[in-house]
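User: Hey, got a minute to walk me through this one? I'd like the odd backbone spots as well as the general layout.

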Amino acid sequence: LEDGEFVLDAGRLNPNWQDEALNELEQESFGGDSVVGLVHDDLDGLSGIKAQALASSQAYELQAAQTPHYECPPELEGDMNKQRMKPNFAESASAIALPQFFQKVQTGGFFGDDEQWQKLSKNDLLSCFVLANLDANVVFDAVDSEIYQVDLNDIGNGESSVDFKALEKTQKQRLNSIIRNQSNEGQVTSVVGLLFDSLGKGTFYPIEDNDVKKYLTRIVEAMSHEQRDDCLDKLSQYVRVIKEKIISLANDYAAVEFDKWLTIGKLRLQPHFHFSHSIAPPENAPAIAKSLYVREAKINGLEEKVIQAIANLESIVWWHRNLERGKGFEINGFINHYPDFVVLTERNNLILIETKGGDRDNSDSMAKLKLGKTWESKANQLSHETGLRYHYMMVFDANPMDGALPLADMLQLVKEL
């Protein structure tokens with residue numbers, strides 16, 4: 001047990017544990033060869049796979065936990081924009097472990113201790129997701145008339161990235177002419193192939209590529225000949241709309257699974273994320289009082305307005321501009337949400353703040369607000385353990401949605417915390 005988590009010391013595992021367990025069972029008098037055969041089948045099947053997967057995952061988590069977030073070769077440090085944590089805030093910040101969601105997993109062992117907890121990934125919520133039979137009604141509007149040449153670049157691990165280049169008029173005509181002269185079945189196959197190649201292999205992992213192809217086939221089969229012609233002329237735009245549709249379906253499914261897992265006790269929050277002693281943002285924010293680091297990461301105009309007002313409050317100890325994906329703190333749920341700011345008050349209130357302009361997409365904001373408020377509720381169940389009270393606030397520059405706050409109301413609330 002380290003830092004409140006179960007971690008696996010792979011070096012202490014007996015590599016022959018399966019054989020020894022089978023030998024012990026063979027010596028028992030309750031079933032003979034048939035029982036051993038059943039156990040062997042189980043070990044070679046699902047339970048063995050689960051145990052190996054858990055061991056690999058826990059070994060990776062242990063390695064990641066022991067590796068600083070911003071580790072880099074010493075010879076490159078001089079070229080980095082390294083910003084240290086301010087010494088006067090180091091003690092309070094280093095004592096904080098921000099809660100993140102963990103899922104209960106079955107190890108597949110023989111004995112009673114066959115359940116452990118590992119950090120939740122959104123991909124875990126999609127483990128039973130099947131795209132092929134879901135809603136394939138896609139509305140294609142507001143698309144331009146440009147057609148693109150698609151270049152697939154192999155980026156390793158069976159995945160590819162996509163580059164779009166505008167085609168010459170003669171190339172457009174040649175490509176479209178070939179496909180339009182095919183049979184109906186041939187057209188479906190060709191258009192599906194173009195769409196899939198444009199999306200790229202492994203784009204929707206863990207959704208299988210074959211599942212994506214079946215879904216694309218349903219979309220194309222439902223198109224009229226005129227719509228297929230339009231798709232050929234506006235391929236990149238159709239790809240964008242389809243990609244948004246698939247992501248939306250996956251997010252909706254993940255949200256339902258997330259709620260269900262919380263209800264049945266398969267998920268819990270536990271303290272996990274620690275602030276690094278230094279950060280290396282690509283660009284710096286303006287110098288603003290009470291920042292956790294000497295200089296924080298770049299902020300936009302609205303963010304500067306919000307955090308400047310917060311820093312002016314007497315109750316604030318420090319604030320931090322949360323870093324981007326893979327570097328900062330994420331609320332890991334049915335979406336991966338990186339709030340804009342982390343704020344600590346003198347009365348031990350830990351506040352996550354997400355800023356939104358009035359033109360932001362409401363579906364994205366609604367998902368973040370729902371997850372943030374769920375995090376707040378579950379995190380406060382840990383207050384007796386951590387000594388902190390947790391808050392999530394979404395602040396709009398104008399026209400806040402239900403559950404969010406205008407700037408003035410947010411500042412008044414933070415002032416009282």
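Analyst: Sure. P206 is found in the loop between α7 (184-199) and α8 (209-221), and a cis peptide bond joins Y205 to P206, with omega about 15 degrees. Helices here are DSSP runs of H or I with at least four residues, strands are E runs of at least two, and both are numbered from the N terminus.

User: What should I know about the model and the numbering?

Analyst: This is a predicted model, so to speak plainly about filters: local features need pLDDT of at least 70, side-chain atom pairs count only at pLDDT 80 or more, and totals for chains, interfaces and linings use all residues. Residues are numbered from 1 along each chain as its sequence is written, and side-chain values use heavy atoms, with hydrogens and water left out.

User: How many helices and strands are there?

Analyst: The protein has 14 helices and 14 strands. Buried residues make up 43% of its 417 residues; buried means under 20% relative accessible area, exposed over 50%, and partly exposed in between (1.4 Å probe, protein chains only).

User: Back to the backbone. Which residues other than glycine have a positive phi?

Analyst: K290 is one of them, with phi near 70 degrees. K290 sits in the loop between β7 (278-279) and α11 and is partly exposed at 24% relative accessible area. N348 also has a positive phi, about 60 degrees, and isn't a glycine. You'll find N348 in the loop between β11 and β12 (349-356), and at 39% relative accessibility N348 counts as partly exposed.

User: What does β11 pair with?

Analyst: Strand β11 (residues 341-345) is joined to β8 by 5 bridges, and the two run antiparallel. Two strands pair if DSSP finds at least two bridges between them. In this pair, R321 stands opposite F341 in β11.

User: And is β8 buried or exposed, mostly?

Analyst: Of the 6 residues in β8 (residues 316-321), 5 are buried, so the strand is largely enclosed by the rest of the structure.

User: Switching topic: what order do the strands take in the open sheet?

Analyst: The order is β3-β2-β6, 3 strands with antiparallel pairing. β3 (115-119) and β6 (267-273) are at the edges with a single partner strand each, so one side of each has no neighbour in the sheet. The twist averages 45 degrees from one strand to the next.

User: How many bridges between β2 and β6?

Analyst: Strand β2 (residues 98-106) pairs with β6 over 6 bridges, in the antiparallel sense. Q100 stands opposite Q270 in β6.

User: What lies across those two?

Analyst: Helix α12 (residues 362-379) lies across β2 and β6, at about 85 degrees to β2. Axes are lines fitted to C-alpha atoms, for helices over the stretch in contact, and angles run from 0 to 180 degrees between N-to-C directions.

User: OK, helix packing. What about α11 and α14?

Analyst: Helix α11 (residues 301-311) and helix α14 (residues 407-416) pack at an angle of about 30 degrees, with their axes 10 Å apart. That makes α11 and α14 roughly parallel to each other (angles under 35 degrees count as roughly parallel, over 145 as roughly antiparallel, 65 to 115 as roughly perpendicular and the rest as oblique).

User: Which residues make the contact?

Analyst: K305, V306, A309 and I310 of α11, with L407, M410 and L411 of α14; contact means heavy atoms within 4.5 Å.
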